[in-house]
Every structure is written in structure tokens, then in C-alpha cells.
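Visitor: Could you walk me through this one, a question at a time?

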Amino acid sequence: MSLFNGDVSQNGNTRHMDSLFTVAEIEEIDFSKLLDKPKPLNMERQRSFDERSLSELSVGFSPRHSARHLENSSRNYEPPEYLFSPCSRRSVISCTPRSQAGFEPHPMVAEAWENLRRSLVFFRGEPVGTIAATDTSDEKLNYDQVFVRDFVPSALAFLMNGEPEIVKNFILKTLRLQSWEKKIDRFQLGEGVMPASFKVLHDPVRNTETLMADFGESAIGRVAPVDSGFWWIILLRAYTKSTGDTSLADRPECQKGMRLILSLCLSEGFDTFPTLLCADGCCMIDRRMGVYGYPIEIQALFFMALRCALLLLKQDDEGKEFIERIVKRLHALSYHMRSYFWLDFKQLNDIYRYKTEEYSHTAVNKFNVIPDSLPDWVFDFMPTHGGYFIGNVSPARMDFRWFCLGNCITILSSLATPEQSMAIMDLIESRWEELAGEMPLKVCYPAIDSHEWRIETGSDPKNTRWSYHNGGSWPVLLWLLTAACIKTGRPQIARRAIELAESRLLKDNWPEYYDGKCGCYVGKQARKFQTWSIAGYLVAKMMLEDPSHLGMIALEEDKQMKPAMRRSNSWTC
């Protein structure tokens, strides 16, 4: 019997009014200050581990950072009143929240919580995750499994609602799955690979339950999930930030799990770039869509996971080695991404004027991109004020498509500078009809079709023009957009997107995605009651009502990080 059988319509959640914000006040707040509220006066003020500069963790560790000092600063990096979400002391049985401002929430909220709880998966009596979809009208395929990336918005919803045990159980169960031997045919995967998903198998004869994990051997295309490990680290930090409980991250098995993931990413090889080389289908876009190489989604998640790991790793012998490597990589990665992936009006004009076949360290066109390969649409899409991180950069290739998840993560992780973050939001506002339309938000823009579609997707019938990952509209992206809006002080954009979603989602039974250039149509193969569509909506609503929730999923800019350098003395064309 489910532990979560309470009446979801009973809204009794309370919170002190001094931590609340009205809709009008939200627009006037400097949201960057939410992440470092002062500690109570009766406590000694120390800088949080979040606030420490990367330069203080550089290769030569200062003797003044003793183990005792580091332990204190890493275990008390949040004031108590900021750490705990509402109803953290309440029973998790009937904890569907009331609006933080004291008025009744939108009617969709109670319905969303009921559906989210219906998706819970139990293993030996404990909730361990949520299945991808509860739609019973179609073939299950793998939608009855718990996906690591899909569970993230569900986990955030439960954390914001004061129900951290589900998240803790998920973190520990997936960590145990990481230790499994992973083989595809006769090839063994790296020890640190996290599963894409898992399923609870019930044996009615023996009355036992076991877990079955998928590390990519059952996935379409047989690609291992590169993003799962990053999301796991990000979620571990969100749990620690939300609850104030550092004991979970401090466990030897969690420390080892992080180190194993990092070992895969920080290993030395033939790479000349600090970015990660990936196959198609290794992330949310899990089918062939021309994102092979150095996709923005993976690079942004990589950066954020590195920063989270920097906060979570212990300062023991093993931890110090990884911290040194992380610091070096963060400096190189931030410079590379901000320099070569960033596109705005000026940079577009520079690329348009590139010379080719340059050979020397002073080359301007370092990747030998052919100006004639610039797509026509990008000149119309790029506003005078605004910009974004493009989809991919590799030798002689730049993918100019806009990818929502990657750009939102660059804002949340502070991979984007404050100026770049504002430019991304300017672009979203300027191109609202293209990126949001009737149902926010486009997973990528624009769609590819005709000959390009045949080449890039292999004529994939699911990824036709303006459908699924090829320009489809995904409601789950609401939570990422909302978080980015709050961090940049633009909550009005989030409210506009949420209002659009509220006009359709419940009526359409929470589809996985929408089709069409404007996102008007429920996706042709979209599952109904898609869990992360439900959870994404809830997280967006809760963050907008209580912006302090942003702290568990956002990182402030490191003020002392090395400033961006010029690419070469002859950069201007």
C-alpha cells in the first residue's frame, strides 16, 4: 500500500511571512542576493563553500586551509532558515502545498500533485523514484521505468515540498546500480557510468523485488547516457542544499560515486579542447539528431556538475587530487565555452567575414569554419540585442541551432557571464513566438527538414519537422526557464510561459511534447500523463511563488574566476 495516500486536496502548508514575496515584489528583487542571505546574529559568520573562489582551491593549496577549517566551511554553508523547504517537519503523507502567499493555488496544482504521487515507484516498501509516464492507453515500451534525467524535476518538487526521503532513496539506489558490471555485447563500460533508467521487477512466486538497470544496452542506438552522472551529482548537491544534511554526500560510497563519474570526464586523452566529445543520443535528445561532437547540453551539465562536485568532495587525499583537476578544467572550460560557443550579432558578423585556411596560433578562424556554411535562418533569428550558446563547435563545423536546456543550464551554473545571461533572456523575449509559441518551450530551434533531415536523423519518422526532438515543444522545460528567469531577475517571462502552459496541459492530460511550428498540437507519439511534464510545471510554480527555492539548483558566479581572455591579438576581422 502506498505511503502517499493522503488527500491531495488538503493544503495545509505554512511558511513564515517574512520569507514570502508577492508577485509585484518579485520583479523588484535582486535575486542574486537570495543565494547568500546573512546568517543569524548569534552564529559566527563564515564564508560558505559556495562563496569560496576557485582561486582559493587552485593547485597549490594554502596551509591556512586546514582540514578542520575546510570541514567547518563545507558543512555549514547555508543559514538554517534558508535551507529547509516548507512543511519539512510535516508528515510526507499529505503535504500538497498551499500557495506561499496564502491564497489558494491554481486548480491544476492539486491535480498535478495527485498525478505525480501516482507515478511513484516503490522498492521493498520505500519510494525510490517516479516512472516516466502513467499513460495506460499506449504500449509501455520503457515509459514504465525510472529515468535519472526524468526524475530530476520530480526530485526538486519533492524537495521544495519538504519530502527529501524519496530523493535520498533515489540517490542511494542509483549509486548501488553504478557499481554493477556494465557490458554491451562483449565490451565493458566504464566503472563510473550511471544508468539511464531502472525498473523494479516483482516476483510473485518468491515474493521478492529486484532492480533491473539499463546503461544504454537496451536504448535506441545503444548509447550510454552521458548526462545521467552529471544530473546525479547536481541532484546530490540540491538535496544537500535543500535539507542541510551533509551526511549523505559525506558517505564514503557517495564520495566514491562522484570520483568515479569525474574519472570518466577528467581522464587525459587525445582531446585538444576541454569540452567532452560525445555520441548522438547521449542526453535528453536520445535519438540521432546531429548533436554528436561537443553538444551544448552536455558541456553545460558538465560544467555545473564540476562546480557541484567542488562543493561536495571531501578534503581528504583522494578528494584533493580531484579538486585540483576540477579547478583546472573549470577555468579552461569556461574560457572555451564563453569564447567559441557564444554567438551574438557582432560575433555572427565576424564569422560571416571569416577567412579560411589560416595556419598559425594567431588564426582568427581557429576551427576553419567556412562562412558559406552559415544557415540563412540564423541572420533573421539573431536580434540586434541578445545572444546564445550555439549547439556545437568542432573542426569545420558550427551547429547554430538554439537548444533550450543547454542555454538555461549555462545561466543556472554561471557558465554564462551575467552579461551573456541577460543576452540569452533578451533573445527569448525577442523570439518568443519562435521559441514559445502556443506551448513553451522548443527543445531546439529551428527544425531540420528535407535533405538535411534525411542526413542528420537517418530519416527518423519520430523526429520529423517540428516534432519530438526536432523542434518539438516540451512542457518540462518550464522549470528550467523559470529558474533562469528568476536568476536573471526576469520573472515576468516565466509567468507568461506558465500561463500559456496552464491553458492546455491539464486539458490535454499532461502530454510529453507538442508538435507544430507554434506547438499547437499534442505530439503524434506523445505519452499522456508524462511525469516530468507534471513535475516541471510544479517546480516552476513553486519557484515563482518562493524564489528562495532557486538556491538548490543555481550557482552564483565565482567573482575571482580568471577573466575572459582575448582569443588572439588579431581577433577583429
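Visitor: What phi does Gly458 take, just after α17?
Guide: First, the ground rules: this is a predicted model, with residues numbered from 1 along each chain as its sequence is written. Local features need pLDDT of at least 70 and side-chain atom pairs 80 or more, totals for chains, interfaces and linings use all residues, and side-chain values use heavy atoms, leaving out hydrogens and water. Helices (DSSP runs of H or I, at least four residues) and strands (E, at least two) are numbered from the N terminus. Right after α17, Gly458 has a positive phi of about 70 degrees.

Visitor: How wide an arc do the buried residues of α17 cover around the axis?
Guide: Buried means under 20% relative accessible area, exposed over 50% and partly exposed in between, with a 1.4 Å probe and protein chains only. In α17 (residues 450-457), the buried ones are Trp453, Glu456 and Thr457. They sit on the same side of α17, because their arc, taken from the directions from the helix axis to the C-beta atoms, is only 80 degrees.

Visitor: How far apart, centre to centre, are the rings of Trp342 and Phe389?
Guide: Rings of Phe, Tyr and Trp (its six-membered ring) pair if their centres lie within 6.5 Å; planes under 30 degrees apart are stacked, over 60 edge-to-face, and the rest tilted. The whole structure has 22 such pairs. Trp342 and Phe389 make an edge-to-face one, with 70 degrees between the planes and a centre-to-centre distance of 5.0 Å.

Visitor: How many residues apart are those two, and which strands hold them?
Guide: Trp342 is buried at 9% relative accessible area, and Phe389 is buried at 0%. The pair links distant parts of the chain, 47 residues apart, with Trp342 in β8 (residues 342-344) and Phe389 in β9 (residues 387-389). So your answer is 47 residues, strands β8 and β9.

Visitor: What angle lies between the ring planes of Phe381 and Tyr388?
Guide: Both Phe381 and Tyr388 are buried, and ring pairs link them into a cluster with Trp377, Trp402, Tyr445 and Trp466. Phe381 and Tyr388 pair edge-to-face at 5.8 Å centre to centre, with the planes at 80 degrees.

Visitor: In the β1–β2 hairpin, which turn residue has a positive phi?
Guide: Strands pair if DSSP finds at least two bridges between them; β1 (residues 120-123) and β2 run antiparallel, joined by four. Phe122 stands opposite Pro127 in β2. Two residues separate the strands, and the turn residue with a positive phi, about 55 degrees, is Arg124.
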